[in-house]
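Dear colleague,

I am passing on the structure below, together with notes on what turned up in it. Please read the notes with the coordinates open beside them.

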Amino acid sequence: MASPGFWSLGGDNTGANTGSQSPSTPRAWCQAAAQKLSGGIGSKLCALLNVGEVEKAADPAAKQPPQPTAGTCGCNKSCNCTKAEVGFSDLYSTDLLPAMDGDTKTMTFLQEVVDILMAYIVESFDRETKVIDFHYPNELLQLNNWELQDEPATLDDILISCRATLKYAIKTAHPRYFNQLSTGLDMVGLAADWLTSTANTNMFTYEVAPVFVLLEYVTLKKMREIIGWQDGRGDGIFSPGGAISNMYAMLLARFKMFPEVKEKGMSSVPRLVAFTSEHSHFSIKKGAAALGIGTESVICIKADECGKMIPADLERRILEAKQKGFVPFFVSATAGTTVYGAFDPLIAISDVCKKYNVWMHVDGAWGGSLLMSRRHRWKLDGVERQDWANSVTWNPHKMMSVPLQCSALLVREEGLMQNCNQMHACYLFQQDKHYDLSYDTGDKALQCGRHVDIFKLWLMWRAKGTIGFEAQIDKCLELSEYLYNKIKDREGYEMVFDGKPQHTNVCFWYLPPGIRYMEDKEERKKHLHKVAPVIKARMMEYGTTMVGYQPQGDKVNFFRMVISNPAATFEDIDFLIEEIERLGHDL
Ligand SMILES: Cc1ncc(COP(=O)(O)O)c(C=O)c1O
């Protein structure tokens, strides 16, 4: 449950700020009441007083979806469509295909769904609309009946459920949504996702996904060529996300060194240790936990002020581990760290890995896409090394705005994945099939069934060309540089680390006037820690924008601005600054 305290700073962070300058609102009062009173009485009281809705209507950012104006069918214009003849309140899912004569009803129903989606898409790009119509969980539970029933719902109810779900969804395509590394909505990517769902197949064999398997083959090869591996040779797979791609890499590294682990398990191998920087993604530790290696066997290497791994510390820790009798088997360098956007020095790290014969993985989940930019790809120099960069994670669902999910693991050695993961299930991977069995790629995956993630990326790539992706990535980096230049010397801002960010991550503190000149450093730090969460809570209440924050090491909560949404513009960056100041000046 969300805490009501974060609407304002307050002494113990639980009270509402009622100052006249404060953006605290009646809605906030109702929210606090709703949380305190049991049985939803608070929320009902708010609903009775109509507080939330009145306030939303008064808020210029709150815009209602376009209402149909003509036609009994609900279309926005005069038309001859069949909608008017189909009454969804009397129909059920069993009336749709494959029901006899279900084609017209199905078409009309799906058209209605497309209309709902279209209205949502158009709204999502409209800066006058909210990024989010935020409600606390208890409120949202009470606003709609989400319970599953024994009896079927009418198609009318189903359409209402679609509308309600989108009403409260985050508009991730909104040009002012900066909260996550995955933002934006690409129209061709969306079309590809619809096609993928319509085809509704599985990636494990060529016989059930002939085109998709070939597209995966072609695209992975292209990605390896872009990495710089000779003739695009190697292997790879699309996985359910960067965390899983990273775990695959760790699994392969272990198998490469100790193939017996596949049959005999961890008791057959010595104590293994992995290395990654203190700024790396938590998925490295998760992978170690899941693979039975253990989080204590992941050694965190020091990073410099800008968040880059220090290779000398890596070498020192490898030697230290060896002296203890442990076996270093895996180094994960990060190309684009999650918070600072730092690129570890891959050349120096690969020298160390080669010297000690340790698998080098590059976690480019966030920064891998910069390989597509002639202006920025130098940040990953070393990733192409034939002699030492064994695997790369690259998430097109982050910086390239491919709809979730789309993450690739690229591996330099051919055949290793197959050997590591294959189980030869003879009901799927029959050896006497009538086509080239190398296209039955499913046995190299950890999964059995695998979602088709490739088509969105492939179709977007066709639509934009490599130069289109390059332009999109360069633009996001330009926007972040603009933000950095705008705030680095602006009154009330402090950068978390010195120098121009390498990725689109811009990390900064906003200091409200009240604490700018506070003498007591400890007191100032304590106060500053609470500023970003309160501004963020206010952003969500107003729904005007969203940006992430976090502490890091001994640094108190700061904003981490990231830009991956191609819809964002310089004006949106200006807006973000103004909004932070509007929402935070009284704190
Ligand atoms: C550097 C890095 N690696 C891995 C991941 C995990 O990726 P996913 O969310 O696709 O699992 C992230 C996610 O933010 C990341 O920033």
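The notes below cover an annotated lysine, then aromatic rings, then charged pairs.

This is a predicted model, in which local features need pLDDT of at least 70 and side-chain atom pairs count only at pLDDT 80 or more, while totals for chains, interfaces and linings use all residues. Residues are numbered from 1 along each chain as its sequence is written, and side-chain values use heavy atoms, with hydrogens and water left out.

UniProt, in an unreviewed entry, places the feature "modified residue: N6-(pyridoxal phosphate)lysine" at Lys398; its positions follow the numbering used here, feature names are shortened, and annotations may be inferred rather than shown by experiment. Lysine 398 lies in the loop between strand E7 (391-394) and strand E8 (407-411), where helices (H or I, at least four residues) and strands (E, at least two) are DSSP runs numbered from the N terminus. With a relative accessible area of 16%, lysine 398 is buried (buried means under 20%, exposed over 50%, partly exposed in between, with a 1.4 Å probe and protein chains only). Apart from neighbours within four places in sequence, lysine 398 is in contact with Leu181, Ser182, Ala365, Trp366 and Ser564, contact meaning heavy atoms within 4.5 Å.

Across the whole structure there are 16 aromatic pairs (rings of Phe, Tyr and Trp, the last by its six-membered ring, with centres within 6.5 Å; planes under 30 degrees apart count as stacked, over 60 as edge-to-face and the rest as tilted). One of them is the tilted pair of tyrosine 206 and tyrosine 435, at 5.1 Å centre to centre and 50° between the planes, and this pair links parts of the chain 229 residues apart. Tyrosine 206 is partly exposed at 26%, whereas tyrosine 435 is buried at 17%. Both belong to one aromatic cluster with Tyr217 and Tyr439.

The structure also holds 29 salt bridges, each a side-chain nitrogen of Lys or Arg within 4 Å of a carboxyl oxygen of Asp or Glu. Among them, lysine 221 pairs with glutamate 225, their closest N and O atoms being 3.1 Å apart, and the two are separated by about one helical turn because they are 4 residues apart in helix H8. Arginine 524 and glutamate 494 form another, at 2.9 Å between the closest N and O atoms; arginine 524 lies in helix H17 (residues 521-542) and glutamate 494 in strand E9 (residues 493-495), so this pair ties together parts that are 30 residues apart in sequence.

Best regards
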